[in-house]
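Grab a pencil and work through these exercises with the model open beside you. Each task comes with a worked solution.

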Amino acid sequence: MLYDPARHEPLEHIPWDEAAALDTIEYIVRDTEERYAREARWPMHPLDADGGATDPVFNLYFGAGGVQWALHYLEAIGPVRLRRSYAGEVDVALVENRRWLRSEGLDDSALASYLMGDTGLLLLVYWLTSDPTCAARLEELIEANIDHPARELMWGSPGTMLAALFLHQRTREHRWAQLFVATARRLRTQLLWSPEHRCHYWSQDLYGRQVTYLDAVHGFVATAAVLIRGRHLFETSEWDEWHGRIVQTIRATAQREDGQVNWPALLLSPDRSSRPQKALMQFCHGAPGFVICLAELPGEALDEELLAAGEALWAAGPLVKGANLCHGTGGNGYALLKLYERTADARWLERARSFAMHAIRQTHQHARMYKQLRYSLWTGDLGLAIYLWHCTQGVGPFPTLETFFA
């Protein structure tokens with residue numbers, strides 16, 4: 001089977017209610033601001049605690065930096081007015097996050113990480129202040145990260161390549177385009193060929209292991225998403241080569257069953273064993289992330305796979321892990337929203353909104369269970385708030401993957 005039914009729950013077919021979506025956005029934002037006002041930081045949610053750690057974290061992915069970004073983003077795009085600015089708190093997040101990285105045993109190379117290090121936080125500072133010294137530091141970090149062995153979005157050069165793209169979109173300065181293209185060309189030299197699967201892939205040195213992820217955070221398709229979004233910066237022949245390699249790998253690794261499609265987390269098992277991989281159907285591993293990352297790929301070469309992937313995640317239903325973006329119902333819902341944008345077929349918008357209504361129920365259920373909201377962007381309720389707003393609009397970019405400077 002393409003997915004594990006135990007990781008999903010039946011969809012509650014609640015009619016779309018825009019007022020309920022807007023009320024939930026308001027509830028999440030107000031509760032988040034009030035919690036900060038009481039404690040001057042946001043507590044880590046039990047579901048985010050790794051190994052029992054409960055101290056607050058400050059990065060873009062599941063820490064205070066992501067919350068600060070989400071609050072300002074929601075104000076900028078329309079649905080809420082904040083009671084205060086959090087611009088002055090990002091410097092604190094930078095200091096605290098560096099302390100956390102050191103406590104995890106990571107060296108200074110980790111500072112360049114887009115989702116876990118300085119880069120994402122400095123992008124937030126630059127958005128809110130336009131400080132040229134901040135831009136200079138970002139340039140240093142992006143350039144220093146070009147040869148990072150992770151070769152993935154969270155820690156490696158694809159993440160800092162994405163930061164360069166956001167900065168180029170913001171400023172139109174040529175230096176950011178140069179860094180984007182230089183990173184892409186270095187990644188091109190690091191591509192490997194699998195005779196078994198007849199496709200190209202990258203290996204990733206992550207957490208003390210060498211792996212071959214395909215997924216939308218650590219893997220091939222996450223890097224492909226950055227290349228697709230910055231395709232206008234390449235020479236035509238260079239983009240054509242990337243396009244061909246992306247299509248080849250996505251087709252070669254697709255798992256097909258009864259008109260549906262999913263992708264494995266890994267191209268090759270780390271121990272080269274024949275053990276089956278977990279059948280995951282979420283943004284960070286599985287079809288939803290592939291749809292989101294590939295939704296802007298020009299042409300029709302992957303339309304069959306993307307539509308079949310949408311059918312698979314719709315059949316699987318909401319995730320039991322909750323409403324979040326990375327491995328929850330909100331992230332899967334974004335894939336349905338992307339298919340509506342790509343096809344203009346109204347059933348995908350209806351399905352995206354069905355997931356949104358179910359996710360609202362999950363958020364309130366978890367708030368009662370844990371006596372708090374989940375204060376994070378990628379793994380918590382702030383990401384859901386952005387998804388709900390995009391469902392009201394019928395269109396919207398995935399937070400910090402497709403948009404940064406609102």
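Which residues does Tyr-387 touch, not counting residues up to four places away in sequence?

Before solving that, a word on the ground rules. The model is predicted, so local features need pLDDT of at least 70 and side-chain atom pairs count only at pLDDT 80 or more, while totals for chains, interfaces and linings use all residues. Residues are numbered from 1 along each chain as its sequence is written, and side-chain values use heavy atoms, with hydrogens and water left out.

**Exercise 1. Find the neighbors of Tyr-387 and place it in the core.**

Step 1. Look for contacts, meaning heavy atoms within 4.5 Å. Tyr-387 touches Leu-325, Gly-330, Gly-333, Tyr-334 and Leu-337, and also Ala-352, Arg-353, Phe-355 and Ala-356.

Step 2. Now the core. A nonpolar core is a set of buried Ala, Val, Leu, Ile, Met, Phe, Trp, Tyr and Cys residues joined through side-chain atoms within 4.5 Å. Buried means under 20% relative accessible area, exposed means over 50%, and partly exposed is in between (1.4 Å probe, protein chains only). The largest such core has 148 residues, and Trp-69 and Tyr-387 touch the most other members. Helix H13 (residues 346-370) gives the most to this core, with nine residues. Helices here are DSSP runs (H or I, at least four residues), as are strands (E, at least two), numbered from the N terminus.

**Exercise 2. Describe how H5 packs on H6.**

Step 1. Get the geometry. Helix H5 (residues 132-144) and helix H6 (residues 157-171) pack at about 145°, and their axes are 9 Å apart. Axes are lines fitted to C-alpha atoms, for helices over the stretch in contact, with angles from 0 to 180 degrees between N-to-C directions.

Step 2. List who meets whom. From H5 come Leu-138, Leu-141 and Ile-142; from H6 come Thr-160, Ala-163, Ala-164 and Leu-167.

Step 3. Sort them. The contact has six nonpolar residues, one polar and no charged. Ala, Val, Leu, Ile, Met, Phe, Trp, Tyr, Cys and Pro count as nonpolar, Asp, Glu, Lys and Arg as charged, and the others, Gly among them, as polar.

**Exercise 3. How many disulfides are there, and how far is the sulfur of Cys-293 from the closest cysteine sulfur?**

Step 1. Search for pairs of cysteine sulfur atoms within 2.5 Å, the cut-off for a disulfide. The whole structure has zero.

Step 2. Check Cys-293. Its closest cysteine sulfur is in Cys-326, 11 Å away, so that is too far for a bond. Cys-293 is buried at 4% relative accessible area.

Step 3. Look at the helix around it. Eight of the eight residues of H10 (residues 287-294) are buried. What covers them includes helix H8 (220-229), helix H9 (236-253), strand S6 (260-262), helix H11 (303-316) and helix H12 (329-343).

**Exercise 4. Which loops hold Arg-172 and Lys-371?**

Step 1. Arg-172 sits in the loop between H6 and helix H7 (174-190). Its phi is near 60°, a positive value in a residue other than glycine.

Step 2. Lys-371 lies in the loop between H13 and helix H14 (381-393). Phi is positive there too, about 60°, although Lys-371 is not a glycine.

Step 3. Set that against the usual pattern: most residues other than glycine have a negative phi.

Step 4. Check accessibility. Arg-172 is exposed at 56%, and Lys-371 is exposed at 69%.
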